[in-house]
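Q: I'd like to learn how to read the features of a structure like this one. Could we go through it together, one feature at a time?

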Amino acid sequence: MTTAAPPPSIQEVLALPAVIVETAPPEWEDVNGHVNVARYYDLHLRGAEAALTALGVDDAYRAETGWSIFSVEQHLRFLGEVHVGHEVSVHLRWVARGDKVMHAISFVVDRTTGQVANSLEVLEAHVDLTTRRACTWAPTIAERIDELVAAHAALPWPAPTCGAIGVRR
């Protein structure tokens, strides 16, 4: 079994742009007195949607090309608790891109306590919505992802990948 790299520090993650910043509302609390697991997942999904929209993978892209993104594999890692009333943010680190997939990690930061609370590592496929099969990236989208992957590869901290998810070459 491969072990994950240690999680990045709060300063390292905060150096990545925040795609979401909000305060955890009361309805997010579960029976254990902290933010419910489903809410972390929702933060990651909304963060990914914001990041993909910024790349140009939006409703217009889907309508014009008939292509979208499907989740293929995910690894969720809990590093701390978040409580109602805490300010949280979501930050995305791009890891790699293949012909038809991309690998990334999003982080939920508890800005109130100053800790990285959670990470979600993903492998996402670029999919033709007619055939429901993976297809190659549009060149402009591939170029944008490659630019982000290169920029994030230059960060002074390793991406804390689980070792089980990745782009096959």
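Q: Let's start with the second largest pocket: which element gives the most to its lining?
A: Helix α2 does, with three residues. Keep in mind that this is a predicted model. α2 isn't alone, though: β3 and α4 (139-153) also supply at least two residues each to the lining of the second largest pocket.

Q: How do people find empty space like that to begin with?
A: The general idea is that rolling a probe the size of a water molecule over the atoms shows where empty space is left. Here, the second largest pocket holds about 150 Å³ of space.

Q: Which residues line the second largest pocket?
A: You can pick them out in the viewer: P17, V19, A51, A54, L55, L92, W94, L148 and H152. Sorted by class, that lining has eight nonpolar residues, one polar residue and no charged ones.

Q: And what is the volume of the largest pocket?
A: The largest pocket comes to about 310 Å³. Its lining is made of 22 residues, and L45, A48, E49, L52 and E124 are the ones that lie nearest the centre.

Q: Where does the lining of the largest pocket come from?
A: Five elements each supply at least two residues: α2 (37-55), β2 (67-78), β3 (87-97), β4 (101-110) and β5 (115-128). The largest share comes from α2, with six residues.

Q: How does the lining of the largest pocket split by class?
A: There are 14 nonpolar, five polar and three charged residues.

Q: Let's move to rings. How many aromatic pairs are there?
A: To read these, look at how far apart two ring centres are and how the ring planes are angled; planes over 60 degrees apart count as edge-to-face. The count in this model is three aromatic pairs. One of them is Y40 with F78, an edge-to-face pair at 5.3 Å centre to centre, with 85° between the planes.

Q: Why does the pair of Y40 and F78 tie together separate parts?
A: Because Y40 sits in helix α2 while F78 sits in strand β2, and the two parts are 38 residues apart in sequence.

Q: Is Y40 buried or exposed?
A: For burial, you read the relative accessible area, and under 20% counts as buried. Y40 is at 5%, so Y40 counts as buried. Its partner F78 has a value of 42%, so F78 is partly exposed.

Q: What about the pair formed by F107 and W157?
A: That pair is edge-to-face as well, with 5.9 Å centre to centre and 65° between the planes. F107 is in strand β4 and W157 is in the segment after α4, so this pair links distant parts of the chain, 50 residues apart. For accessibility, F107 is at 1% and counts as buried, and W157, at 5%, counts as buried too.

Q: What sits over the ring of W157?
A: That would be the charged end of R93, 4.3 Å from the ring centre. When you check for this sort of contact, look at a charged side-chain end and ask how it is placed relative to the ring.

Q: How many disulfides are there?
A: Zero. To count as one, two cysteine sulfur atoms have to be within 2.5 Å. As for individual cysteines, C135 counts as buried at 13% relative accessibility, and C162 counts as buried at 11%.

Q: What is there to see in the backbone at R132?
A: R132 has a positive phi of about 65°, although R132 is not a glycine. You'll find R132 in the loop between β5 and β6 (133-134), and at 52% relative accessibility R132 counts as exposed.

Q: How do I read distance along the chain against distance in space?
A: Take two residues, note their separation in sequence, then check the gap between their C-alpha atoms. D99 and P25 are 74 residues apart along the chain, and their C-alpha atoms are separated by 40 Å. D99 lies in the loop between β3 and β4, and D99 is exposed, with a relative accessible area of 60%.

Q: And how far apart are A60 and P25?
A: They are 35 residues apart in sequence and 32 Å apart in space, C-alpha to C-alpha. A60 belongs to helix α3 (residues 59-65), and A60 is partly exposed at 38% relative accessible area.

Notes. Residues numbered from 1 in each chain as written. Predicted model: local features only at pLDDT ≥ 70, side-chain atom pairs only at ≥ 80, totals over all residues. Heavy atoms only, no water. 1 Å grid on protein atoms, 1.4 Å probe; cavity = no way out; pocket = protein on both sides within 12 Å on 5 of 7 lines; lining within 4 Å. Points joined across faces, edges and corners; volume = space filled by probe spheres on them. Helix = DSSP H or I, 4+ residues; strand = E, 2+ residues; numbered from the N terminus. Nonpolar A, V, L, I, M, F, W, Y, C, P; charged D, E, K, R; others polar. Phe/Tyr/Trp six-rings, centres within 6.5 Å; stacked < 30°, edge-to-face > 60°. Buried < 20%, exposed > 50% of the residue type's maximum accessible area, 1.4 Å probe, protein only. Lys NZ or Arg CZ within 6 Å of the ring centre and 35° of its normal.
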